[in-house]
Amino acid sequence: MEPLILIVDDENSIRKFLRVSIETQGYKCIDADNGSNAIMLTISQNPDILILDLGLPDIDGVDVIKKIRTMSQIPIIIISARGHDREKVEALDAGADDYLTKPFSVTELLARIRVILRHKSINEIQSETENELFKIKDLIIDTDKRRIWIENDEIRLTPNEYKVLVLLAKNHGKVLTHKLITENIWGSTGIDDTQSLRVCMGNLRRKLGEDPAQPKYIITEIGVGYRLIDE
Amino acid sequence: MSKFNSFINRYKLIYKKNIFKNILLLIFTMTLCTIVSIAFNNLNMSETNIVMIYLLGILLYSYIAEGYVYSFFASVSGVLLFNFFFTEPYYTLQVYSPDYPIIFLVMFIVGSITSMLTIRVKIESQLVIDREKYISSLYYVTKRLLDVKSCNELAEISADELSKQFNADVLVSFFNSSGNVTCRIVKGEDVFNDGADYMASMEAYQSGSPCGYGTTLFSGAKAYYSPILSHNGSLGVIGISLRNDVALINTQCTFIDVISRQIAVVLERERIYEKQQKTQMEIQKERLRSDILRSISHDLRTPLAGIMGLASTAHDNYEKLSDEVKITFLQSIYEDADWLNELVENILQTTRFEEGRIKLNIKEEAAEEIITEAVTHVKKHSSGHEIYVKIPDEIIILQVDGVLIRQVIINLLNNAINYSPRGSKITVSLFRKNNHVIFEVSDNGPGLSQEEISHIFERYYQRSTKVSSNRRGMGLGLSLCKSIIEAHNGEISMRNNVPNGTIVSFYIISGEENV
C-alpha cells in the first residue's frame with residue numbers, strides 16, 4: 001500500500017504544488033490548512049508522514065508537534081521560513097524528524113521523504129538490532145567489530161568520534177541537532193558542550209578526508225546540527 | 001536700592017568681625033587727638049583748632065572703621081573728650097559758658113554728617129568697582145557660553161566659570177523634554193547626589209524656583225539650586241555649594257539668575273540645531289528609502305519579466321515547443337526566481353539591521369563549517385565557476401552568529417560569481433593571524449579600479465561595469481556584509497588580486513590563541 005502523506009500549510013499555492021509533486025511520486029496525499037485540522041487528521045487518518053509548516057494561523061507549529069508527539073510517533077518534516085532558525089531547532093528538539101527551509105526544491109523534499117520511509121521500514125523489519133554494517137559511499141562502519149574503513153583503508157577514531165559517527169550513520173539522511181548529539185555522546189549534563197562537539201566534528205572530518213568545498217559524508221547545517229549524507 | 005542694602009548687610013558682617021579692632025582703633029584715635037590737642041592747648045592755640053583736630057580724627061576714624069554706629073560713637077566721644085579736657089571747668093563734663101553746648105552740638109553734627117558722607121562715598125565707590133567686576137565677568141562668561149558647540153560643552157563651560165566665580169562646588173545638569181537627565185557636569189566635589197540635595201535639585205527643576213541651602217525650601221540641602229529657565233519651561237538646574245556653610249548673598253543669586261538665562265538661550269539654540277540636524281538626517285534617510293524603493297522595483301522587474309515571459313510563452317505554445325526548450329525555460333524560471341529570493345533575503349536582512357532589530361545569536365562555531373556550508377549552498381545553484389576552499393589543519397572555533405557569517409560568505413561568493421566570467425577561479429581561504437581569524441574570498445575576474453573599491457561598501461552602490469552577468473545586486477550585499485562583520489567587532493576590506501581579480505577579506509577576533 002502506498003504511503004499516505006499529510007501536508008499542513010496555510011498557503012493554498014504551496015499545498016497545491018506539494019500535492020502535485022508528491023502524488024507524481026506515487027504517494028497518497030491529504031492536506032490541512034491549520035493546526036487543529038492537522039491534529040485531527042493525524043489521529044483519524046493515521047498518515048505515514050506529516051509535512052508541517054511552522055507558521056500556522058491557529059496553533060504554533062512547535063505546539064502542534066508537541067501535541068502530536070503525545071499520541072503518535074509519526075515522522076514529521078517541518079517547513080520553516082528563512083531566518084527562523086531558533087524556531088526550527090525548537091521544533092526539531094520537540095520531536096520533529098527533519099526540516100526544510102522555504103524556499104526549497106521539491107527534489108530535496110522527496111529525498112527527505114524517501115529517507116524517512118526507509119528508516120521506518122528498517123525499524124519495522126529489524127527493530128533494534130544493535131550491530132549493523134553501514135555502507136555509505138566509500139565509508140564502511142562495522143559496529144560489530146567497532147571498525148571503520150574508507151576505500152579499504154582503516155580509519156582510527158577516538159571513542160567519542162566513533163560514537164558520533166555511528167549515531168549519524170544510524171540516522172543517515174536525517175538531521176541531528178547539536179543538542180541531540182551532545183546528549184547522546186556526553187550525556188545530558190546540562191553543560192553546553194558545543195565546543196567539544198565542534199572540535200570532535202572537525203577531527204572526524206579530517207580523518208574521513210572531507211573536501212571542505214564539497215563534503216562527501218558529513219553535511220553541516222549551521223545553527224541546527226549535522227547530517228550524514230544519504231546515498 | 002536692594003543692591004545697596006545688600007552691601008550694607010555685607011559690611012555689617014564685616015563690623016561684627018572687627019568690632020574689637022574698631023574699639024581699639026577708636027580709643028587710639030581719640031587718645032591721639034587728645035594728646036595733640038593738649039599740645040596745642042599748651043601752645044595757647046585757640047579752641048577752634050582743637051575742635052578741628054577732633055573733627056579730623058572723627059573723619060579719619062570713620063573712613064577706616066566704615067560704620068555709621070562707629071562714626072556716631074566717634075562723634076560722641078570727640079565731643080565728650082573736648083568737654084572733659086578743654087572746657088572750664090577742666091576735667092569735668094560740666095560747662096560754665098553757655099557757648100559750649102552750641103559748639104558741642106555743632107561739633108557733633110558736623111562730625112556725624114561728614115563721617116557718614118565719607119562712608120557713603122567709600123561704599124559707593126566699592127559698589128562701582130564691584131559692579132564693574134560683575135559686569136565684566138558676566139560679559140566674559142556670556143562670551144564663552146556663546147562659543148560652545150554642544151550641550152556637553154555648554155554644561156562643562158558654565159560649570160567651570162561658575163566654580164571660578166564663586167570658588168565653589170558647582171553642578172550643572174540639563175534635562176530633556178521628558179524630564180530625563182541628558183547631561184550632568186560637576187566641578188569640584190560632588191555633594192549634589194545626597195537625598196536632600198537630589199530632592200532639592202529636582203524641586204528646583206520642576207517648580208522653576210530656587211531651592212536648597214539659603215532658601216526656605218529644602219534648606220537642609222548642602223547647595224543652592226537654581227533652575228535654568230527658558231520661555232518653554234525648565235531646561236535644567238544649577239547647583240552651587242559654597243564651602244564652609246556660607247549662604248549666597250543676593251548679588252550672587254542675581255548673577256546666577258542672569259547666567260542661567262544665558263545658558264538657557266544657548267541650550268535652546270543647541271537643541272534647535274540638533275533637532276535640525278536630525279530632521280536633515282531623516283530627510284536624507286527618507287530620500288535613500290525612496291531611492292531603494294525605486295531601485296528595488298526596477299531590479300525586481302527584470303527577473304520578474306523573465307519569469308512571466310517564459311511562463312506565458314511555455315503555457316501558450318505548450319504543444320509547439322519541444323521538451324528541450326521547455327526544460328531550458330523552466331530552468332531559467334527557476335534561476336530567476338532563485339535570484340529574486342536571494343535579493344529579497346538581502347533586503348530583509350538589511351532593513352532588519354537598519355532598524356536594529358537583529359539580535360546576534362552568538363555561539364561557538366567552527367569557522368570551517370560555516371565556509372563549507374556557504375560554499376555548498378552557492379554550488380547548488382551555480383556551475384561554471386571553480387570554487388576552492390583552503391582551511392588550516394587547526395580547527396578554529398569562533399564566537400559568532402553562524403547564520404549571519406554564512407550569509408556574508410554567500411554574498412561574497414555570489415558577487416564573485418556574478419562579476420567574473422564563467423570558468424573563473426574563486427578561492428575561499430581561512431587562516432589565523434595572531435588573534436584575528438581571517439576569511440578571504442578571492443577571484444581572478446577582471447577586478448576593480450581603486451575608485452570603485454573606495455565606494456564598494458556604500459549602500460546602494462553599484463558597479464558601473466557589468467561583466468558576465470545581467471544581474472544586478474542593488475549594492476545591498478556588501479553593505480549588509482559590512483554591517484554584519486562590524487556587529488561582530490570585525491572589519492571587512494577589499495583589495496586587488498595579483499595579477500587580476502579582487503580579494504575581499506574580513507576578520508573576526510577570536511578569544512583564544514590556539515585550540
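1. In this predicted model, A:Asp53 has A:Ile79 as its bridge partner in strand E4 of chain A. The two strands involved, E3(A) and E4(A), the latter covering residues 76–80, run parallel and are joined by 4 bridges.

2. Between these two strands the chain passes through helix H3 of chain A, residues 61–69. The resulting β-α-β crossover from E3(A) to E4(A) is right-handed.

3. E3(A) also pairs with strand E1 of chain A, residues 4–8; this pairing is parallel too, with 4 bridges. Within it, A:Val8 is matched with A:Leu52 of E3(A).

4. How many of the residues of strand E3 of chain A are buried? The count is 5 of 5 for residues 49–53, so the strand is largely enclosed by the rest of the structure. The cut-off behind this is 20 or more other C-beta atoms within 10 Å of the residue's own.

5. In a regular strand, side chains point alternately to the two faces of the sheet. For E3(A), one side carries A:Ile49, A:Ile51 and A:Asp53, and the other carries A:Leu50 and A:Leu52. All of these are buried, and both faces of the strand are therefore covered. A:Asp53, the residue bridged to A:Ile79, is among the buried ones.

6. As for the chain as a whole, chain A contains 8 helices and 12 strands. Buried residues make up 33% of its 231 residues. Of the contacts in chain A with a separation of 6 or more, 58% are between residues 24 or more positions apart.

Conventions: Residues numbered from 1 in each chain as written. Chains lettered and ligands numbered in written order. Predicted model: local features only at pLDDT ≥ 70, side-chain atom pairs only at ≥ 80, totals over all residues. Buried ≥ 20, exposed ≤ 12 C-beta atoms within 10 Å, placed from the backbone. Pairing = 2+ DSSP bridges. Right-handed = clockwise from strand over helix to strand, strands pointing away. Contact = placed C-beta atoms within 7 Å.
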